[in-house]
Amino acid sequence: MPKAITLTDFGGPDVLRWTDVPLPQPEEGQIRIKVKAAGIGPTDLALRSGRLKAFSLRQNAVLGFEVAGTVDAVGPAVHGTQIGEEVAALLFDLGGYAQYAVASRWVTKPPSVPWAAAASLPASAEAAAGVLRQLTVKTGDTLLILGGGGAVGLIATQLAVAQGINVVSAVGTRDEALVTSLGATPVPYGVNLVDAVRSFGAVDFALDASGKGVLADAITLTGAADRVITLSDPAAADLGVTLSHPSPQRAPHALDDTMPLLAQGRLRLRPYTTMPMRDAGEAHRLLESGRVHERVVLTL
């Protein structure tokens with residue numbers, strides 16, 4: 001039987017186990033992918049811990065919103081894709097930490113894009129493009145990105161700057177030079193966040209890509225909860241802020257638009273490191289400890 005990292009319960013990284021699972025079968029409009037690499041995002045950690053209850057998970061769920069690999073099987077009504085094709089995919093129903101995954105949204109992986117980079121793109125690109133679309137940010141607006149040095153924040157910065165949007169990016173000291181090079185204005189996280197942002201002028205909208213408990217500050221800076229969207233802060237509902245979920249409608253063209261930019265060197269990803277997939281629990285532990293600043297990509 002194929003194997004996957006299953007979520008045996010909510011809790012610490014030890015609840016992730018490398019176990020036998022049934023071979024998933026592609027349904028209409030889906031493909032099955034033999035996974036080479038799977039990205040880990042902040043939402044995965046929040047789901048595993050149980051603190052992000054907006055998502056419902058079945059027993060022994062397999063985490064992971066994004067993978068890269070080769071097409072292993074195609075379901076009915078799939079056209080233009082063949083077995084053996086190299087792809088990157090966004091998994092709205094999770095399932096990425098596995099030897100095999102099924103997907104309904106994918107893009108061809110260009111030969112110049114490494115497997116780990118391809119697996120780092122889908123969820124971050126979809127989230128970045130999707131939230132910019134949901135916020136209806138337009139040319140000339142000022143956007144505050146909380147967690148601008150993260151995977152989603154960096155892509156959102158580049159997409160926003162390309163649209164003529166002014167970006168103020170709340171980051172740690174080590175990411176200040178990076179976000180500056182991408183055209184954003186860095187401000188430090190901390191108790192003086194509101195004053196630091198206001199020193200650069202008014203803010204029209206805010207994207208919280210970090211989930212670090214600063215939604216109240218974002219509301220203060222933008223003037224209204226409906227001008228703020230978060231990707232993972234469980235306090236969103238209490239504050240009237242939208243918690244944005246991955247969905248086929250949020251940014252339907254994000255993968256098709258961003259993969260060519262990545263292949264051409266026109267889109268920068270957050271630096272990443274790789275670990276064997278069976279060590280997913282240790283990867284979660286390292287990410288939560290803050291001992292690794294890079295993204296972690298699980299590989300097979």
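User: In this predicted model, which element gives the most to the lining of the largest pocket?

Analyst: That element is α1, with five residues. Elements that each give two or more residues to this lining are α1 (42-49), α3 (122-135), α4 (151-162) and α10 (280-289).

User: What makes a residue such as Pro-42 count as lining the largest pocket?

Analyst: A lining residue has an atom within 4 Å of a grid point of the pocket. Pro-42 belongs to the 45 residues of this lining, and together with Gly-150, Ala-209, Ser-210 and Arg-270 lies nearest the centre of the pocket. The space in the largest pocket is about 1,100 Å³.

User: Why is Gly-150 counted as polar and Arg-270 as charged in this lining?

Analyst: Gly is placed among the polar residues and Arg among the charged ones, so Gly-150 is classed as polar and Arg-270 as charged. By class, the lining comprises 17 nonpolar, 16 polar and 12 charged residues.

User: How many residues line the second largest pocket, and which lie nearest its centre?

Analyst: Its lining has 25 residues, with Pro-24, Arg-58, Leu-94, Gly-95 and Val-102 nearest the centre. Two elements, β1 (3-7) and β6 (100-103), give two or more residues to this lining, and β6 gives the most, with four. About 480 Å³ of space lies in this pocket.

User: Why are Pro-24, Leu-94 and Val-102 called nonpolar?

Analyst: Pro, Leu and Val all count as nonpolar, so these three residues of the second largest pocket fall in that class. The full lining has 15 nonpolar, six polar and four charged residues.

Technical notes. Residues are numbered from 1 along each chain as its sequence is written. This is a predicted model: local features need pLDDT of at least 70, side-chain atom pairs count only at pLDDT 80 or more; totals for chains, interfaces and linings use all residues. Side-chain values use heavy atoms; hydrogens and water are left out. On a 1 Å grid over the protein atoms alone, a cavity is a set of points where a 1.4 Å probe fits but cannot get out, and a pocket is an open set with protein on both sides within 12 Å along at least five of seven lines; lining residues have an atom within 4 Å of a point. Grid points are joined across faces, edges and corners, and a volume is the space filled by probe spheres set on the points.
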